[in-house]
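Q: I have a model open and want to read it feature by feature. Where should we start?

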Amino acid sequence: MKSNLKLKTIDDIERELSIIVVCEKKQKADITLSQVYDFLAESIELSIQKVGSTTKRNTINKILGKYKFAKLLSKGSYTKANQIPGFPLKDLGDAESALLRLKTSLTAFKLHSGPFADHSVFGELDKKQWERIHGILAAFLFGYIQLYGDEKLRFAKDREQKKERAFSDKKQNNHQQKKKDDRDPKPSGHNSRKWKNKKKPHNKGNKNQGGGGGLR
């Protein structure tokens, strides 16, 4: 479901999940919490567990997969024209177990250094690319959850993130300015007297040339 959430990392998913857990909520459409949690957990599990079971892909499919992956990243979200295949899973009716499974999969992904499984559509992906996929998928799935109750928690989270971004941007700008200052040439006045230090050329070999005092 369309969502305004922008989740780019596993940490982003965990923060949003912590808000979902404590807020009052209900499901949009006919999708349960169990289905949302289980599907996202399964996607994360497959990315780190289904290694080696690659599907044979010809050159055209590889190029097409890279194109679809780039298009998804540029869009930043799934759309109605690009729904998640296989979702929703069968509702197992146990949201607490599904939540525990999701939290476990998120931790496992952060600890996993590789290798990673091929994506069924996008092909070979590394950890950062898989992380972006999981973030986009999580934002899509969390869009099925309507939150109520203590929205101050969400506001506090957003305010904290804005402060962190502002501090990071300020630090980066100061670093870039320092590098720029180090590269800039010294003021022109610094070199204004250089010419005085240059020695005048001596024409020792031409001392008696052109005159009339030579021996005949």
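A: Start with how the elements are assigned. Helices and strands are DSSP runs, numbered from the N terminus; a helix needs at least four residues and a strand at least two. Keep in mind that this is a predicted model.

Q: How many helices and strands does the chain have, and in which pattern do they follow?

A: The chain has six helices and two strands. Along the sequence, the pattern reads α-β-α-α-α-α-β-α.

Q: How do I read burial for the whole chain, and what share of the residues is buried?

A: Use the cut-off: buried means under 20% relative accessible area, and exposed means over 50%. Here 30% of the 216 residues are buried. The exposed surface of the chain is about 15800 Å², with carbon and sulfur atoms supplying 52% of it.

Q: What about contacts along the sequence? What share joins residues at least 24 apart?

A: Count contacts between residues at least 6 apart in sequence. Of these, 85% join residues at least 24 apart.

Q: What should I look for in a core?

A: In soluble globular proteins, nonpolar side chains tend to be buried together. In this model, the largest nonpolar core has 42 residues. Tyr 37, Leu 40 and Phe 142 have the most contacts inside this core.

Q: Which elements each supply at least two residues of this core?

A: Five helices and a strand are on the list: H1 (10-22), H2 (33-49), H3 (59-75), H4 (95-111), H5 (127-142) and strand E2 (145-148). The largest share, nine residues, comes from H5.

Q: Take Phe 142. Which residues is Phe 142 in contact with, leaving aside neighbours within four places in sequence?

A: Phe 142 contacts Leu 5, Leu 7, Ile 13, Glu 16, Leu 17, Ile 20, Val 36 and Leu 40.

Q: How do I read a helix pair, and at what angle do the axes of H2 and H5 cross?

A: Compare the N-to-C directions of the two axes. The axes of H2 and H5 come within 10 Å and cross at roughly 170°. An angle over 145 degrees counts as roughly antiparallel, so H2 is roughly antiparallel to H5.

Q: Which residues make the contact?

A: H2 brings Val 36, Phe 39, Leu 40, Ser 43, Ile 44 and Ser 47. H5 brings Trp 130, His 134, Leu 137, Ala 138, Leu 141 and Phe 142. By class, the contact has nine nonpolar, three polar and no charged residues.

Q: Ser 43 is in helix H2. Is Ser 43 buried or exposed?

A: Ser 43 is buried, because its relative accessible area is 15%, under the 20% cut-off. Beyond residues up to four places away in sequence, Ser 43 touches His 134 and Leu 137.

Q: Now strand E2. Ile 145 lies there. What does Ile 145 touch?

A: Not counting residues up to four places away in sequence, Ile 145 touches Ile 20, Lys 25, Lys 26, Lys 28, Leu 33 and Val 36. Ile 145 is buried, with a relative accessible area of 7%. The C-alpha atoms of Ile 145 and Val 36 are 8.7 Å apart, although 109 residues separate the two along the chain.

Q: Next, the loop between H4 and H5. Is Glu 124 buried or exposed?

A: Glu 124 lies in that loop. Glu 124 is exposed, because its relative accessible area is 66%. Apart from neighbours within four places in sequence, Glu 124 contacts Asp 118 and Gln 129. From Glu 124 to Gly 65 is 9.0 Å, C-alpha to C-alpha, across 59 residues of sequence.

Q: Where is Asn 61, and how far apart are the C-alpha atoms of Asn 61 and Gly 123?

A: Asn 61 is in helix H3. Its C-alpha is separated from that of Gly 123 by 8.5 Å, with the two residues 62 apart along the chain. Asn 61 counts as partly exposed, at 34% relative accessibility.

Q: One last check on the backbone. Which peptide bond is cis, with omega near 0°?

A: The bond from Gly 114 to Pro 115 is cis. Pro 115 is in the loop between H4 and H5.

Methods
Residues numbered from 1 in each chain as written. Predicted model: local features only at pLDDT ≥ 70, side-chain atom pairs only at ≥ 80, totals over all residues. Heavy atoms only, no water. Core = buried A, V, L, I, M, F, W, Y, C linked by side-chain atoms within 4.5 Å. Buried < 20%, exposed > 50% of the residue type's maximum accessible area, 1.4 Å probe, protein only. Contact = heavy atoms within 4.5 Å. Axes fitted to C-alpha atoms, helices over the stretch in contact; angles between N-to-C directions. Parallel < 35°, antiparallel > 145°, perpendicular 65-115°, else oblique. Nonpolar A, V, L, I, M, F, W, Y, C, P; charged D, E, K, R; others polar. Areas by Shrake-Rupley, 256 points an atom, 1.4 Å probe, with all protein chains shown as cover.
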